[in-house]
Structures are given as structure tokens and as C-alpha cells.
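Subject: Structure handover

Hello,

Here is the structure for you to look over. My notes on what was found follow below it.

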There are 2 protein chains.
Amino acid sequence: MEQGQTRNRSWDQELRSRGYRVTPQRQLVLEAVAALHHATPEEIAANVQRTAKGVNISTIYRTLELLDSLGLVAHTHLNHGAPTYHLATEAGHAHLVCQDCGKIDEASRETIAPLAQALDEGHGFETNVSHLTIFGRCRECRATDA
Amino acid sequence: MEQGQTRNRSWDQELRSRGYRVTPQRQLVLEAVAALHHATPEEIAANVQRTAKGVNISTIYRTLELLDSLGLVAHTHLNHGAPTYHLATEAGHAHLVCQDCGKIDEASRETIAPLAQALDEGHGFETNVSHLTIFGRCRECRATDA
DNA sequence: TTACGTGCAAAGTCTTTGCAACCAT
DNA sequence: ATGGTTGCAAAGACTTTGCACGTAA
């Protein structure tokens, strides 16, 4: 509760200070993103339906785009289709997606750090770790298939 | 010429040996993928239009899916929208996409190797390097923006 | 000859946009 | 009051699918 209020207050001000308004829809979307980890716009919409009368899907899209641009949430592409959103504060890890079974694992920032450093030094490139999704095959599928 | 024929012969047999037919459309699509690097289905369709009367867009999709499943081509997601295809033989590098200006750079397999090894040892995960796309900011945008 | 493959058109999925009504400030 | 926001519906981008005709083997 205490934590929740503290969090609310901070993104409230983040919005207001940039001239955006704080609306119930935006609050609900942010709460859904926090509750569901790696949620698609559809899943976020479904989650929000349960609490309130519902937030229109186009508002979900517009809100996610806004929160993403403000750096409050981040998204990555885990599968072929829809992107998944998560809180920016719980970012910092990359995703490992198995192309055989679809299982999703996480790799810590520390695991990625050497690569990020190499790309910085070799290409001057600043890696967005929380957006990073790595495709391949998981341990189980490697053992099974061949 | 010699090389072209050699390449043709090999994928011809790859198709036939698995019970698929060799058609002019499949040949054109594969040639387009070879000629255009990182091409979307639309771009491949456009390229094919110039040579022949045209290959229907749905055939492009079906052919790319087939060639991908056979391991003759590979695809990655460079931007928000359509995937891009390239020859499997010219794979082995990852892509660095600047989220500010959209510029695409390439990172060699050697640059990625330490990460791939770390993921193998730590997670038992086999990285698909040619599918790997890393988002972030390029040198120029980092210098300009801040 | 005979399945497999193609073209065409329609439908499907995911996302964006125009606009009038609404509400946070 | 007043300009950012929302809901709704229509449009848009990208991809898939059903079916009859065409063609590689």
C-alpha cells in the first residue's frame, strides 16, 4: 500500500510535469503492466476489463505508447506477433525465447554486460538491454531433438 | 555464373529431396532474397515484379515460409513492422538497430560469440545469431541527443 | 496423369486514426 | 473554461486461407 502510493505519486508527477494528464485509464493500464509481466496489449485490455467497465483497446495502445515514450514502461518482441510490455523499473534483463517450444527464460544484465561493452567499444552502440530478445533453442529442446 | 549454377543445383536438390517442387516462383524469390539483403516480403515482391510478370504476394509469403523452414533463408525483425529475409549462408551476424534514427549496423559473429557461450554455459541456451537484433542508440545519435 | 503449387479474392489479426463528446486541470 | 483524452467506428498494414486452375515430375 505504502509502496503503491509512493509509486503512484512518482508517475503522477512524471506525467503532469510534462503536461500530460493523469486519468483513471492511464492508472489502470500502468497497474496492469505492473501486475502482468510481459503482457501484450490484448492481455492488458483483458486485465483492465475485470476492474473497471473497461478501457477501449485504442486507448490501451495510445497509453502504452505514451508510457513507453516517457520511459515508464518498456516493450520487447517475444514472439512473431504482438509486443509485450513491462515496467521500466523491472527491466534490465534480456529474454531468451526458444524457437522450438516457445519457452521464455531471462538473462541478467550482468550476463549481457560484456556484449554491451563490446558493442559500445567496437561500434559506439548503446544497447537497450530491456528490449533485447534472443532467439534460439532451450536446454530441453536441444536434449530432445538432437 | 559457375557459382550461380552451383548454388542453384544445391537448393534444387534440397527441395526435391524433401518432396517439394522446383518452380520459377521459388527460384525468383530465392534470387531476390540473395540480391536484396534484409528484404521484407513487400520488397521481395517488388524486386520480382521487374523480372517476370510478377509473383503473387501470397506466393511470396508461402515461399518464404517454406525456404525458412528448410533452412535456406532466415529472417529477423529489424523494425516494428515486417520481418526481413536473407540467405541462410550469409547469416552469422547480428543487427544493431538505432531506435532514434533507424540506422542498421551489423555485428560480427565473433562479437556475439562470448555472449552465446555465456548463455550456453549459464542457461543451456543455443543462440540463433542470425535472428538476433539488438536495439539501442548509434554513435551519431548518442553524440547529438545528449 | 496427379498431386503440389499458384493466383485471386476474401477474410483475419493487430494497430492506427478521425472526430465528437468528455473531463482533468 | 479549455485543451488534452477517450470511445467508437472506420481504415490501414501485414499476413493467412479457400478454392479452382495450372504445372512440375
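The loop between α2 (24–35) and α3 (41–51) of chain A contains H38(A). Although H38(A) is not a glycine, its phi is positive, at about 60°. In chain B, H38(B) lies in the loop between α2 and α3 (41–51), and its phi is also positive, near 60°, again in a residue other than glycine. Please keep in mind that this is a predicted model.

Overall layout of chain A

Chain A has 6 helices and 6 strands. Along the sequence they follow the pattern α-α-α-α-β-β-β-β-α-β-β-α. Taken along the principal axes, the C-alpha atoms of chain A fill a box of roughly 50 × 35 × 30 Å.

The contact between the two protein chains

How much area do chain B and chain A bury between them? The value is about 2,800 Å², with 58% of it on carbon and sulfur atoms. H123(B), F125(B) and E126(B) supply 21% of the area that chain B buries against chain A, more than any other three residues. Counted by residues, 32 of chain B are in contact with 32 of chain A.

Across this interface the rule finds 16 residue pairs in polar contact, both residues being at pLDDT 80 or more. On chain B, the elements that each supply at least two residues of the side touching chain A are β3 (94–98), β4 (104–107), α5 (109–123), β5 (126–127), β6 (133–137) and α6 (139–145). Of the elements on that side, α5(B) gives the most, with 8 residues. By class, the side of chain B that touches chain A has 13 nonpolar, 12 polar and 7 charged residues.

Side chains of opposite charge can pair when their charged atoms come close. The count between chain B and chain A is 4 salt bridges, and over all chains the count comes to 12. One salt bridge joins the side chains of E126(B) and R137(A), at 3.2 Å from N to O. Another is formed by D120(B) with R142(A), where the closest N and O atoms are 3.1 Å apart. D120(B) lies in helix α5 of chain B and R142(A) in helix α6 (residues 139–145) of chain A, so this pair joins two chains.

There is also strand pairing between the chains. Strand β5 (residues 126–127) of chain A pairs with β6(B) in the antiparallel sense, over 2 bridges. The bridge partner of E126(A) in β6(B) is R137(B).

DNA strand C

There are 21 residues around DNA strand C, and R16(A), Y61(A), T23(B), R26(B) and T59(B) come nearest. The residues of this surface divide into 8 nonpolar, 7 polar and 6 charged. Three helices each supply at least two of them: α4 (57–69) of chain A, and α2 (24–35) and α4 (57–69) of chain B.

Which part of DNA strand C holds the atoms within 4 Å of the protein, sugar and phosphate or bases? Sugar or phosphate accounts for 69% of those atoms, and bases for the rest. As for individual pairs, a polar side-chain atom of R21(A) lies 3.3 Å from a base nitrogen of DNA strand C. From chain B, an N or O atom in the side chain of S58(B) is 3.3 Å from a base nitrogen of the strand. V22(A) takes part through its backbone, with an N or O atom 3.3 Å from a sugar or linking oxygen of DNA strand C.

DNA strand D

DNA strand D is surrounded by 19 residues, the closest being R21(A), R26(A), T59(A), Y61(B) and P83(B). Their classes are 6 nonpolar, 7 polar and 6 charged. Here α2 and α4 of chain A and α4 of chain B each supply at least two residues of the surface.

Of the atoms of DNA strand D within 4 Å of the protein, 60% belong to sugar or phosphate and the rest to bases. A polar side-chain atom of T59(A) lies 2.6 Å from a phosphate oxygen of the strand. The side chain of Q25(A) has an N or O atom 2.9 Å from a sugar or linking oxygen of DNA strand D. On the base side, a polar side-chain atom of S58(A) lies 3.3 Å from a base nitrogen of DNA strand D.

Regards

Terms used
Residues are numbered from 1 along each chain as its sequence is written. Chains are lettered from A and ligands numbered from 1 in the order in which they are written. This is a predicted model: local features need pLDDT of at least 70, side-chain atom pairs count only at pLDDT 80 or more; totals for chains, interfaces and linings use all residues. Side-chain values use heavy atoms; hydrogens and water are left out. A residue is near a molecule or strand if one of its heavy atoms lies within 4 Å of it. A polar contact is a pair of N or O atoms within 3.5 Å; within protein, one must be able to donate a hydrogen and the other to accept it, and residues adjacent in sequence count only if both atoms are side-chain atoms. Helices (H or I, at least four residues) and strands (E, at least two) are DSSP runs, numbered from the N terminus. Ala, Val, Leu, Ile, Met, Phe, Trp, Tyr, Cys and Pro count as nonpolar, Asp, Glu, Lys and Arg as charged, and the others, Gly among them, as polar. Contact means heavy atoms within 4.5 Å. Buried area is the accessible area (1.4 Å probe) that two parts lose on being put together, summed over both. Two strands pair if DSSP finds at least two bridges between them.
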